[in-house]
Amino acid sequence: MSNQNTPEHVKCLIIGSGPAGYTAAIYAARADLNPVLYQGMEPGGQLTTTTEVENYPGYPDGKTGPEMMEDFMNQAKRFKTDIRNGFVTKVNFTGPVHKVWVEDGTEIHADTIIISTGASAKWLGLPSEQKLRMNGGGVSACAVCDGFFYRGQEVAITGGGDTAAEEATYLAKLCTKVHMILRRDEFRASKAMQKRVLNTKNIELHYNNEVQEVLGDQVVEGLRIKNNINGEEKTLAVTGFFVAIGHKPNTDIFKDWLDMDDVGYLKHKPNSTHTNIEGVFVSGDAGDKIYRQAVTAAGTGCMAALDAERYLAAKELI
Ligand code: NDP
């Protein structure tokens, strides 16, 4: 640790504690980079708000999201990653040494930074949605993760972009019927994705409709929707509700330094995790708007640690 005048200097600082951050830590620690990892606002990341994870290889019987992240963390600790509670509020990437400030004011200097701050799903913000999301009662923002639990049942999804269109067709293969609720009279999704939805018989479209309430006390029992043109209300008898209205990458603190797209996803050089700043790498959902899976995040976490190690070796810093 540092005193007030001389900030602590580390070889590798990892920001974020989802599958990407912990995997980067495991690889960096085993390469003797002595990584320091700041867990951020939501230790364990998005997986800690999901229930059962059944699609992560190596867990044949499935595992809950929080338990899986505990396993990731323990594996990172086993190789002596310095895992710290706290979140980074400010960075300065002007010089060869990267400066980072934590919320308690601590300043840290690092030769390499691995950003794995993730992304957050956007929610409608209805109290009934949040209640049934937090208790695992059937509200989800990931059809690929949770759709399987609703096979043979009737579900609903809201959103009109590519994600919603892709997830609606995915759900339609598992479920008897999928109600797709769009707030406008048209899709935002690409024509190709729209066509797939329109050609899927068991997807029923509800244009110009907005969700008013998710019904059910412990589990989803239905959805109350309202037509925003004529005010007509309807109840849909569904057992699962998927929200697909976009994600927000947690990258605001980097906007003065790193190239990002208009939503905030960090750009990286092709086939690598290098950002536009030397020694700063991105892994996981902070730089991936397409796949967004735990296993792909872990994969890019590994890549970022290997890129950081090679960068340090080339600069003769290790
Ligand atoms: P988008 O921002 O593209 O779409 C969000 C959708 O949610 C829009 O239809 C929007 O409605 C709707 N929406 C937003 N807020 C609300 C709200 N409060 N209530 C109801 N509806 C709401 O997000 P996506 O996640 O779909 O896509 C993000 C990016 O990722 C896009 O660039 C997309 O092309 C890309 N992508 C690509 C894929 C692929 O290539 N296979 C797969 C998935 C995503 P409105 O249209 O009225 O604004």
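**Reading the labels in this model**

In this predicted model, three strands form an open sheet in the order β14-β15-β16, with antiparallel pairing.

Student: What makes β14 and β16 the edge strands?
Tutor: Each pairs on one side only. β14 covers 209-215 and β16 covers 233-236. The twist averages 25° from one strand to the next.

Student: How do you know that β14 and β15 pair?
Tutor: Two strands pair if DSSP finds at least two bridges between them. β14 and β15, residues 222-227, have 6 bridges. Therefore they count as paired, in the antiparallel sense. For E210, the bridge partner in β15 is K226.

Student: Now the cysteines. Why is the link of C142 and C145 called a disulfide?
Tutor: The cut-off is 2.5 Å between cysteine sulfur atoms. From C142 to C145, S to S is 2.1 Å. That is within the cut-off, so the pair is a disulfide. The structure holds 1 disulfide. The link is right-handed, with 75° about the S-S bond.

Student: Why is C142 called buried, but C145 partly exposed?
Tutor: Buried means under 20% relative accessible area, and exposed means over 50%. C142 has 15%, so C142 is buried. C145 has 25%, which lies in between, so C145 is partly exposed.

Student: Why does C175 have no bond to the cysteine sulfur closest to its own?
Tutor: Because that closest sulfur, in C142, is 14 Å away, too far for a bond. C175 is also buried, at 6% relative accessible area.

Student: And what rules out a bond for C302?
Tutor: Distance again. The closest cysteine sulfur is in C12, 13 Å from that of C302, and this is too far for a bond. C302 has a relative accessible area of 15%, under the 20% limit, so C302 is buried.

Student: C302 is also in a helix contact. Which values describe the packing of α1 and α7?
Tutor: Two packed helices are described by the angle between their axes and the distance between the axes. For α1 (residues 19-30) and α7 (residues 294-314), the angle is about 35° and the axes are 7 Å apart. The crossing is right-handed.

Student: What makes residues of α1 and α7 count as in contact?
Tutor: Heavy atoms within 4.5 Å. In α1, P19, A20, T23, A24, Y27 and A28 take part. They meet A294, A297, A298, G301, C302, A305 and L306 in α7.

Student: How do the residues of this contact divide into nonpolar, polar and charged?
Tutor: There are 11 nonpolar, 2 polar and no charged residues. Gly counts as polar, so G301 falls in the polar group.

Methods
Residues are numbered from 1 along each chain as its sequence is written. This is a predicted model: local features need pLDDT of at least 70, side-chain atom pairs count only at pLDDT 80 or more; totals for chains, interfaces and linings use all residues. Side-chain values use heavy atoms; hydrogens and water are left out. Buried means under 20% relative accessible area, exposed over 50%, partly exposed in between (1.4 Å probe, protein chains only). Helices (H or I, at least four residues) and strands (E, at least two) are DSSP runs, numbered from the N terminus. Axes are lines fitted to C-alpha atoms, for helices over the stretch in contact, and angles run from 0 to 180 degrees between N-to-C directions. A crossing is left-handed if the near helix is turned anticlockwise from the far one by less than a right angle, and right-handed if clockwise.
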